[in-house]
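Reader: I would like to go through how the terms are applied to this model. Please set each value against its definition.

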Amino acid sequence: MKRFLSALAATAMVGAAAAVPAKAESLKIGFMATLSGPPAVLGQHMRDGFLLGVEEAGGKLGGLETEVIVVDDELKPDAALTKVQGLLERDQVDMMAGVVFSNVMMAVYKPVIESETIFIGANAGPSPIAGRGCSPYFFSTSWQNDQNHEVMGRYAGQQGYERVIVMAPNYQAGKDAIAGFKRHYTGEIVDEIYTKLGQLDFSAELARIADAQPDAIFTFMPGGMGVNLVKQYDQAGLKGAIPFLSSFTVDETTLPATKTTAEGLFGGAQWAPNLENPANAKFVRDFVGKYGYAPSLYAAQGYDAARLIDGALTMTDGNKSADALLPALKSAPFESVRGDFSFNTNQFPIQDFYLVQAVKQSGDTYVTQAVEKVFDDKGDAYAGSCRMN
Amino acid sequence: MSATLLAVQTLNGLQLGVLLFLIAAGLTLVFGVMDFINLAHGVQYMLGAYLAVAAYQTTGSFWSALLLALVLSLFFGLVLEFFVFRHLYDRDHLDQVLATFGVILFLNEAVKVVWGAAPLSLPIPELLGGSIQLMENLRYPVYRIALIASGLGVAVLLYVLVTRTRIGMLVRAGATNPDIVAALGVNIRRLFMIVFGFGTMLAGFAGIMAAPILSVEPGMGDNLLILAFVVIVIGGIGSIRGAFLAALLIGLVDTLGRSLTTDVARMLLPPAAANDVGPAIASMLIYILMAGVLFFRPSGLFPAGRS
């Protein structure tokens with residue numbers, strides 16, 4: 001009897017799945033980003049990229065009328081958790097997407113995954129999620145946190161820099177950044193400088209760097225800290241003297257403030273506006289046209305998240321049940337703006353990473369430019385410890 | 001550490017101290033004279049920086065931006081005084097903290113709505129664009145020297161104003177006993193408004209001067225506000241002289257602490273532990289200093305003598 005019932009249920013489900021495209025179904029996506037406080041600009045880029053992706057699908061991802069509920073996590077894990085529960089229970093969203101910061105991600109990851117809701121991460125990629133805590137419901141359209149730092153470590157080695165000073169804010173992400181840099185760097189780390197989170201003036205650190213005369217420095221200084229550091233690095237006359245390698249420091253969210261002081265500085269990234277593929281050319285053109293500012297890697301990741309959902313839903317003919325959608329998502333059926341893109345076993349991307357450099361585009365606009373491919377088809381260091389169940 | 005590096009770090013410490021003094025001077029005046037806790041002082045500093053950027057975008061000259069932003073800072077300060085702060089003078093400190101905290105939230109969001117969340121910047125004026133070679137590889141921007149000079153200028157100006165003029169006398173009297181001053185026929189409300197306006201302008205001036213070396217972004221004043229409170233508490237609330245010396249002290253302790261603690265820790269501990277312990281101690285130093293000062297001098301180094 002039981003077997004008969006489940007067979008019946010299965011038949012009913014197949015029937016339902018076939019019936020789906022006929023009905024005017026809708027799709028509800030909860031999009032979480034940090035939209036208040038100093039780092040709001042990252043969330044703004046990511047959100048604008050995502051919404052552009054939805055708009056380009058005519059407001060219908062995979063043919064489903066799409067409603068995006070944007071919520072601000074305020075960079076507070078507890079507030080984020082409350083809001084995610086609201087999205088899951090009250091709004092009954094079909095999917096979650098976004099999330100800028102790792103501490104917010106760690107707070108909301110469990111409840112989303114445990115409710116068996118598909119979750120497309122568009123920025124934060126902390127190691128527990130990429131490794132032991134991975135889930136078939138979570139996909140990332142960004143990177144694992146260590147990777148952009150690894151790019152710089154590898155590049156420093158390739159350049160033959162033997163003495164490097166590393167500098168990062170004194171918190172978990174800063175320490176992870178330096179660990180990531182060291183993973184592929186073969187030379188000597190002369191000094192590790194940990195600064196206060198939110199530090200404004202770096203003159204003491206810059207004097208220390210000038211005194212040690214390293215072959216290069218590597219730094220991870222997100223947001224306003226990076227703006228201050230870059231300006232002061234230039235004003236102290238270090239820019240021409242000691243190569244500046246960075247991650248999440250020199251990009252289109254900070255270049256409007258650093259402008260010419262950042263020109264020529266290096267960063268590591270999986271995307272830059274000059275990557276040559278049709279999807280990227282269209283993305284950059286449309287983004288600037290719609291929002292009037294240059295997109296950053298955060299915008300590109302948000303855009304790819306929307307395009308991934310669109311591609312997967314098109315593949316399933318609008319069937320949004322997990323059984324159909326998970327394998328569809330896993331096959332990454334879309335043209336990423338970064339070019340090569342496929343999902344690793346932990347459902348983080350396998351992708352190329354580049355050395356990018358800040359350049360003047362025209363007039364007063366500065367953008368990043370990929371100058372050299374550092375890693376080809378690279379997965380992250382944690383995929384091995386991910387066991388999907 | 002070489003003697004040259006130590007000298008450079010001392011200079012850096014003085015410069016941070018001067019920047020802190022510019023912010024703390026207005027705060028200590030308002031707190032000391034009016035017994036009014038103005039948490040919004042930090043956002044007034046931010047507003048000064050934003051106004052300077054906006055004025056620079058219209059006029060294209062740093063100097064007219066400086067002037068325009070100063071005037072506008074004063075104007076916005078007085079508007080805030082008229083609509084919000086004036087109604088709080090007679091309330092207790094908790095009400096003042098709550099209301100001015102509300103002003104912080106409001107203004108931080110307001111600048112984001114008007115100017116966007118992305119950091120902005122103000123270029124260094126050409127006149128001060130040069131730099132001096134300090135060490136091999138390291139140059140010291142002339143602008144930072146100008147910043148130190150302007151801070152010292154403000155200190156001298158305030159000293160003369162407070163100790164040598166009639167209004168300064170009233171300010172000192174008001175800091176000691178406002179009721180008696182009012183009873184003697186001085187319009188204490190107007191005195192408060194002048195002091196408040198002046199404090200606002202000082203905050204705005206600090207913001208304008210900091211804009212070329214720091215990033216102009218929402219919330220940029222919040223971290224500095226905490227430091228400014230540490231300065232005025234150590235210096236003695238209401239005392240300009242105290243604020244000046246405490247600001248220099250904090251600047252030196254913080255800068256030298258940042259550059260020395262890790263080195264010292266490395267002599268005593270294995271490198272990995274030293275990298276954890278050094279920065280942690282460095283960021284605590286000024287608070288340890290504050291606790292120490294308060295232990296021996298509960299009303300700060302130079303108490304203004306409010307009864």
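Reader: How do you know that domain 1 and domain 2 of chain A share zero residue pairs in polar contact?
Author: This is a predicted model, where side-chain atom pairs count only at pLDDT 80 or more and local features need at least 70, while totals for chains, interfaces and linings use all residues. A polar contact is a pair of N or O atoms within 3.5 Å; within protein, one must be able to donate a hydrogen and the other to accept it, and residues adjacent in sequence count only if both atoms are side-chain atoms. Across this interface the rule finds zero such pairs with both residues at pLDDT 80 or more. Side-chain values use heavy atoms, without hydrogens and water, and residues are numbered from 1 along each chain.

Reader: What makes the salt bridge count across the interface of domain 1 and domain 2 of chain A what it is?
Author: A salt bridge needs a side-chain nitrogen of Lys or Arg within 4 Å of a carboxyl oxygen of Asp or Glu. The rule finds zero between domain 1 and domain 2 of chain A.

Reader: Which classes make up the side of domain 1 of chain A that touches domain 2 of chain A?
Author: That side has seven nonpolar, three polar and no charged residues. Charged here means Asp, Glu, Lys and Arg; Ala, Val, Leu, Ile, Met, Phe, Trp, Tyr, Cys and Pro count as nonpolar, and the others, Gly among them, as polar.

Reader: Why is helix α8 of chain A called mostly covered?
Author: Buried means under 20% relative accessible area (1.4 Å probe, protein chains only). Eight of the 10 residues of α8(A) are buried, among them A:Glu205 and A:Arg208.

Methods
Chains lettered and ligands numbered in written order. Buried < 20%, exposed > 50% of the residue type's maximum accessible area, 1.4 Å probe, protein only. Helix = DSSP H or I, 4+ residues; strand = E, 2+ residues; numbered from the N terminus.
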